[in-house]
Amino acid sequence: MRHHDYRQRVINGLILAAAVTLPGCDNLLEVELPGATTADALDDPGFATLLTTSVQGEFECAYSSFVWGTSHLGGEIIGGFVEAGGAEWLQRNVTPASSDYVGSGCGGTGVYAPMATARALADDVIGRLEAWTDQDVGGRSELLAKAYLYAGFNYVIFGDAMCSAAFDNGPEVEPPGMFELAKNRFTEAVSLANDAEIRNAAYVGLARANLSLGDNSGALSAAEQVSPGFRYDVTRSSANNSRRNIIYLNNNQNRRISMDPHYWDVTWMGEVDPRVAVVNTGGKTTDGVTDLWLQTKYSSDSSPYRLASYVEAQLIIAEVTGGQRAVDIINELHAAAGIPAFEGGSEAEIRDQVIEERRREFFLEGKRFGDLRRYGGFADWTKGTHPFTPITYGGNECMPLPNVERFNNPSLSG
């Protein structure tokens, strides 16, 4: 499937209706477009707010799918089901031909299709908003800032997950190129945003992209702009499958997955670390053999995922600066968690502790897989065999570019 096909699929859906949950809202906002609307009519600036809202909705769907896939491949959860659908996640063995990984959309267990759809729509809407004027669209700058923000995070999750990618039938792009694209979009979001939430989220994203590019000074500069206490979420809702918290749904409700043993009984100096909130049920998952450990971080299928936060900005600062500043940041997190302080150590020991803090703080939030790619550790954390079945893990260290993309892209298949 070509990249423009993903965009067209989203646009076609918008012609009929749009339905996403906005932050702070409990009910779906349903907008019915006129029945005679054509794709060309979406060039009408009257659709600007709807299109921008839809960028958020598609990204939130993609991020939920991304959390599902990378929590398997990053060694946070283990499969406990027997049905064929999603077997590549159970086996931690995603290939370019894996049908569920490539093709399954929102509400399923696929990852690539939701990511590609969200990415294509975000850039498409940015192009439309750039073509319109402030006279055409009230509040155009804020809409653009929001679209650029979500476009940036789309490219971040591509960079964290993919071995390589190609966008809009263009050439193959390696992760550094994806993070450069993210950096560009976050920079635009910062320059346009008057809304403090959008601006703070863009600074977190910019810090994250710069860190992944090895630009420590740029990462530090952006992270230091983030306001204390800030948090920006990917919203979830029980309204339909594509909106549910997929971890809660498959672990706590359907019992198809369990927590990986690396996340059982995580303590600090003998005290349980509440950031890795899990409980042993004493029962089994649906395969009848895997011990069922439930996560309690998410309390319902409406629980949001944390996307960007002051906490993440502080841990980026700790990683870049090291020394006593890093120790102080770690101990602020320990105090908030109610666990004993970290006493510090050598620069290498402090850096290792920052990485461990990220593992605990961002449990089931979609950051662990990207961290393993940056810091290393796949052999220790994700490979080997399933602890309760004969499955030998494939051990993906990145998600491959799907065959359907490679074969249908003239820049790659010619």
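**Exercise 1. How much space lies in the largest cavity, and which residues line it?**

Solution. About 70 Å³ of space lies in the largest cavity of this predicted model. Its lining is made up of Asp160, Arg208, Leu211, Ser212, Glu312, Ile316, Arg358, Lys367, Gly370, Asp371 and Arg374. As a next step, sort these residues by class: the lining has two nonpolar, two polar and seven charged residues. Finally, turning to the elements, α8 (196-212), α11 (310-321) and α14 (368-375) each supply at least two residues of this lining.

**Exercise 2. How many cavities of 30 Å³ or more does the count give, and what lines the second largest?**

Solution. The count comes to two cavities of 30 Å³ or more, and the second largest holds about 30 Å³ of space. Around the second largest cavity stand Glu76, Arg358, Arg359, Phe362, Phe363, Lys367, Arg368 and Asp371. Two or more residues of that lining come from α13 (347-361), and two or more come from α14. Sorted by class, the lining of the second largest cavity has two nonpolar and six charged residues, with no polar ones. Comparing the two lists of names, one finds Arg358, Lys367 and Asp371 in both linings.

**Exercise 3. Why is helix α6 described as largely enclosed by the rest of the structure?**

Solution. Begin with the helix itself, which covers residues 140-161 and has 22 residues. From its first C-alpha to its last, α6 reaches 32 Å, which is close to the 32 Å expected at 1.5 Å a residue. Next, consider burial, where a residue is buried if its relative accessible area is under 20%. Since 20 of the 22 residues of α6 are buried, the helix is largely enclosed by the rest of the structure.

Technical notes:
Residues are numbered from 1 along each chain as its sequence is written. This is a predicted model: local features need pLDDT of at least 70, side-chain atom pairs count only at pLDDT 80 or more; totals for chains, interfaces and linings use all residues. Side-chain values use heavy atoms; hydrogens and water are left out. Helices (H or I, at least four residues) and strands (E, at least two) are DSSP runs, numbered from the N terminus. The expected span of a helix is 1.5 Å times one less than its number of residues. Buried means under 20% relative accessible area, exposed over 50%, partly exposed in between (1.4 Å probe, protein chains only). On a 1 Å grid over the protein atoms alone, a cavity is a set of points where a 1.4 Å probe fits but cannot get out, and a pocket is an open set with protein on both sides within 12 Å along at least five of seven lines; lining residues have an atom within 4 Å of a point. Grid points are joined across faces, edges and corners, and a volume is the space filled by probe spheres set on the points. Ala, Val, Leu, Ile, Met, Phe, Trp, Tyr, Cys and Pro count as nonpolar, Asp, Glu, Lys and Arg as charged, and the others, Gly among them, as polar.
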